[in-house]
Amino acid sequence: MQWYVYVLIVLGVFLVVGLGLVVRQSSRRPPAPPEEPTAGAPQAPPVQTAPPPSAAAPPTVEAAPPTVEVVPPTVEVVPPVAVQPEIEVEAPPTVEAPAPTAGRLVRLRSRLSRSQNALGRGLLAVLSRDRLDDEAWEDLEDSLITADVGVEPTREIVERLRERTRVLGTRTPDELRSLLREELVGALDPKADRSLAATPHDGRPAVLLVVGVNGSGKTTTCGKIARVLVADGHTVVLGAADTFRAAAADQLATWAGRVGAEVVRGREAGDPAAVAFDAVRRGIEAGTDTVLIDTAGRLQNKVGLMDELGKVKRVVERHGPVDETLLVLDATTGQNGLTQARVFTEVVDVTGVVLTKLDGTAKGGIVIAVQRNLGIPVKLVGLGEGPDDLAPFEPEAFVDALLGVNA
Ligand SMILES: Nc1nc2c(ncn2[C@@H]2O[C@H](COP(=O)(O)OP(=O)(O)OP(=O)(O)O)[C@@H](O)[C@H]2O)c(=O)[nH]1
């Protein structure tokens with residue numbers, strides 16, 4: 001045998017032994033590690049998976065106290081049920097439309113029936129006698145004096161009537177009545193200016209001051225005058241300067257409310273002059289036509305009352321002159337009222353008289369006495385407590401009502 005045969009045999013043996021080792025080794029080799037991703041290949045996101053519940057150890061329970069979140073209770077604010085609230089609608093004040101003033105005295109003539117019965121009928125009865133002797137003329141005088149015409153005016157009236165009757169030879173009752181009417185109207189100064197100075201001028205309101213003793217009807221008259229002015233188309237501010245009587249301001253406010261007028265009032269027992277001043281100032285600011293000021297009539301003594309009244313007037317006149325000062329007189333007080341009236345005329349310049357309560361007296365002749373004694377025209381007459389029972393004074397209509405003419 002050749003040497004190469006021996007070489008082949010030896011190589012074969014090595015080959016077999018080598019193969020046997022390789023097979024043994026490979027059966028023991030651990031599994032190959034996972035292949036490294038090749039660079040540049042897209043990397044899948046790591047997927048976290050929860051461990052199976054049974055598999056792992058029990059979860060670690062953290063012993064920390066649970067965080068108690070204290071949530072304030074949510075208060076649900078439930079809106080109130082939408083109930084329509086009761087709206088207090090202030091009813092618009094019922095503003096009244098006062099009756100026109102023209103012809104009021106004629107319409108209210110029946111209110112003079114007491115005077116008509118006592119005076120008018122008495123006079124006409126005398127003039128109807130068959131003979132107009134001295135006794136008849138004296139009876140005529142008595143009737144007039146009893147009716148508060150006053151001694152002096154009565155004498156004048158009777159003398160003139162006697163004279164005219166004699167001269168004219170008048171005999172019939174109708175003619176005599178006509179003459180008497182003329183004399184009574186003449187005694188009332190029919191030409192006197194009885195208009196109220198209530199029209200604004202120089203860019204400011206007219207100012208009316210109302211004075212008189214307590215109980216004469218001042219406050220009521222202020223209210224009635226306000227109605228008269230409103231009825232005639234004026235705007236009005238009322239000044240409650242009667243701070244002495246607490247209810248007077250309320251009374252005035254009620255009157256004002258009825259016609260939609262404004263009231264200026266002060267505190268109780270306050271300074272009346274200040275209230276009067278403020279009322280005029282308010283009238284100027286508001287561009288009102290007329291300011292009407294009610295004053296107090298009651299003070300401890302006459303001097304105090306008059307001092308106060310004088311002060312009210314002076315203070316008001318800082319705004320400008322007072323246009324009208326009306327003196328309110330109670331017709332039922334008769335001749336006593338004249339004495340009081342004179343005191344007022346000494347302190348304030350009275351420009352007109354308001355004679356109230358003529359419906360309550362049989363002595364309507366007081367109208368003549370007031371005019372003749374004071375020399376001041378009666379501008380208005382009160383014929384009742386009703387709101388429109390105040391009439392512009394008309395001498396002819398008044399005398400006709402007294403004598404029952406055209407009744
Ligand atoms: N019958 C009648 N009563 C009247 C008239 N005028 C006023 N009165 C009444 O007289 C009373 C007094 O009236 P007031 O207006 O309060 O008198 P006043 O002058 O203001 O009184 P004081 O505020 O106290 O100063 C009231 O009852 C009125 O109704 C009128 O013309 N006729």
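This report describes the sheet, selected helices and two unusual backbone positions of a predicted model.

Residues are numbered from 1 along each chain as its sequence is written. In this predicted model, local features need pLDDT of at least 70 and side-chain atom pairs count only at pLDDT 80 or more, while totals for chains, interfaces and linings use all residues.

**Overall content**

The protein chain holds 13 helices and eight strands. Helices (H or I, at least four residues) and strands (E, at least two) are DSSP runs, numbered from the N terminus. Of the 407 residues in the protein chain, 36% are buried. A residue is buried if 20 or more other C-beta atoms lie within 10 Å of its own, exposed if 12 or fewer, and partly exposed in between, with C-beta atoms placed from the backbone. Among contacts between residues at least 6 apart in sequence, 77% join residues at least 24 apart; two residues are in contact if their C-beta atoms, placed from the backbone, lie within 7 Å.

**The sheet**

Eight strands form an open sheet of mixed pairing, in the order E3-E2-E4-E1-E5-E6-E7-E8. Strands E3 (262-265) and E8 are the edge strands, each pairing on one side only. From one strand to the next, the twist averages 25°. Two strands pair if DSSP finds at least two bridges between them. The table gives three of these pairings.

| Strand pair | Sense | Bridges | Opposed residues |
|---|---|---|---|
| E1 (residues 206-211) and E4 (residues 290-295) | parallel | five | Leu209 and Ile293 |
| E6 (residues 352-356) and E7 (residues 378-382) | parallel | three | Leu355 and Val381 |
| E7 and E8 (residues 390-392) | antiparallel | three | Leu380 and Pro392 |

Strand E7 is largely enclosed by the rest of the structure, because five of its five residues are buried. The chain reaches E7 from E6 through helix H12 (residues 366-374), in a right-handed β-α-β crossover. Right-handed here means that, with the strands pointing away from the viewer, the path from the first strand over the helix to the second runs clockwise.

H12 also lies across strand E5 (324-330), E6 and E7, and runs at about 155° to E6. Helix H10 (residues 302-316) lies across E1, strand E2 (236-241) and E4, at about 175° to E1. For these angles, axes are lines fitted to C-alpha atoms, for helices over the stretch in contact, and angles run from 0 to 180 degrees between N-to-C directions.

UniProt, in an unreviewed entry, places the feature "domain: SRP54-type proteins GTP-binding" at residues 377-390. Such positions are given in the numbering used here, feature names are shortened, and annotations may be inferred rather than shown by experiment. The span of residues 377-390 is 0% helix and 43% strand, with its end C-alpha atoms 16 Å apart.

**Helix H7**

Helix H7 (residues 218-231) has 14 residues and should span 20 Å at 1.5 Å a residue, which agrees with the 20 Å between its end C-alpha atoms. The expected span is 1.5 Å times one less than the number of residues. H7 is largely enclosed by the rest of the structure, because 13 of its 14 residues are buried. Gly233, with a positive phi near 90°, follows H7.

**Positive phi outside glycine**

Asp148 is not a glycine, yet has a positive phi of about 70°. Asp148 sits in the loop between helix H4 (134-146) and helix H5 (151-168), and counts as buried because it has 27 C-beta neighbours inside 10 Å. Asp202, also not a glycine, has a positive phi of about 50°. The loop holding Asp202 lies between helix H6 (173-187) and E1. Asp202 has 6 C-beta neighbours inside 10 Å and therefore counts as exposed.
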